[in-house]
Amino acid sequence: VMGWADLLVMLGIPYSSEQAIELAQELMGFITFEARKKSEELAQERGAFKNYPGSIFDRPGQKPVRNATATTIAPTGTISIISGCSSGIEPLFAVCYVRNVMDNDRLIEVNPYFEQIAREEGFYSDELIEEISRHGTIQEIDGIPDHIKELFVCAHDIAPEWHIRMQAAFQKNTDNAVSKTVNFPADATVEDVKHVYLLAYKLGCKGVTIYRDSSREGQVLTKGDTVQSDTA
């Protein structure tokens with residue numbers, strides 16, 4: 001699963017919204033339903049999985065399945081680059097960011113959907129892109145319409161609770177664990193982390209990952225204005 005943030009942008013749905021949460025449940029529900037349907041077909045050909053008797057699937061009137069689990073959401077950081085889309089179910093990291101690759105090469109990337117919409121709505125300029133490259137986020141930049149700011153929220157614009165709620169929405173209809181990172185600012189506290197871990201448990205997530213910005217040298221993704229401090 002990847003390209004989730006891109007899909008939301010294309011549909012005009014903000015990542016941190018109830019509509020996005022509902023769509024996440026619906027979309028993953030469809031994927032898992034189809035996966036289990038195929039697993040039933042495979043069971044007819046090859047038999048059910050070894051421990052099927054007595055399992056949660058062994059119920060009256062329910063067809064045997066070939067797979068004890070059919071879906072998971074794995075990290076797709078590298079293959080999403082190859083595919084040219086957003087990673088996994090993550091929000092956009094930044095509208096414009098620096099990607100550190102091998103041999104400490106730095107690549108500046110601009111979100112293509114933002115550039116397209118900015119040109120279509122007439123507020124694109126090289127000066128604007130340069131300013132965004134220094135901030136990563138567009139939330140405090142003048143000259144960008146509010147509805148665009150709502151749509152292009154980035155990982156650090158989103159409250160940690162929304163990160164967890166999005167993960168939980170996908171987890172609801174996923175057999176195995178869901179790969180998702182909660183992005184914290186550099187000044188995040190132990191209590192902030194504790195709150196997220198407990199919320200993830202409460203909402204039924206099978207795992208949780210957090211990352212506090214600037215907590216390690218040479219992090220893979222950095223916002224434009226933090227490249228020196230993050231990689232020093």
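Two residues are in contact here when their heavy atoms lie within 4.5 Å. Keep that in mind for the close-ups below, which all come from a predicted model.

**View 1. Threonine 32 and the residues it touches.** Let's start with one residue: threonine 32 sits in helix 2. Is it buried or exposed? Its relative accessibility is just 4%, and buried means under 20%, so threonine 32 counts as buried. Skip its neighbours within four places in sequence, and you'll find threonine 32 in contact with Thr71, Asn173, Thr174 and Asp175.

**View 2. Helix 7 and what covers it.** Helix 7 runs over residues 160-171, which makes 12 residues. From its first C-alpha to its last it reaches 17 Å, close to the 16 Å expected at 1.5 Å a residue. Which of its residues are buried? They are His163, Ile164, Met166, Gln167, Ala168, Ala169, Phe170 and Gln171. As for what lies over these buried residues of helix 7, the cover includes helix 1, helix 2 (18-46), strand 3 (181-184) and helix 8 (190-202).

**View 3. A cavity with a nonpolar lining.** How many cavities of 30 Å³ or more does the structure hold? There is 1, and about 50 Å³ of space lies in the largest cavity. Ala5, Leu8, Val9, Ile13, Pro14, Tyr15, Pro91, Leu92, Leu151 and Val153 line the largest cavity. Sort that lining by type and you get 10 nonpolar residues, no polar ones and no charged ones. Helix 1 (residues 4-11) gives the largest share of the lining, with 3 residues. You've met helix 1 already: it is among the elements covering the buried residues of helix 7.

Definitions and conventions
Residues numbered from 1 in each chain as written. Predicted model: local features only at pLDDT ≥ 70, side-chain atom pairs only at ≥ 80, totals over all residues. Heavy atoms only, no water. 1 Å grid on protein atoms, 1.4 Å probe; cavity = no way out; pocket = protein on both sides within 12 Å on 5 of 7 lines; lining within 4 Å. Points joined across faces, edges and corners; volume = space filled by probe spheres on them. Helix = DSSP H or I, 4+ residues; strand = E, 2+ residues; numbered from the N terminus. Nonpolar A, V, L, I, M, F, W, Y, C, P; charged D, E, K, R; others polar. Expected span 1.5 Å × (residues − 1). Buried < 20%, exposed > 50% of the residue type's maximum accessible area, 1.4 Å probe, protein only.
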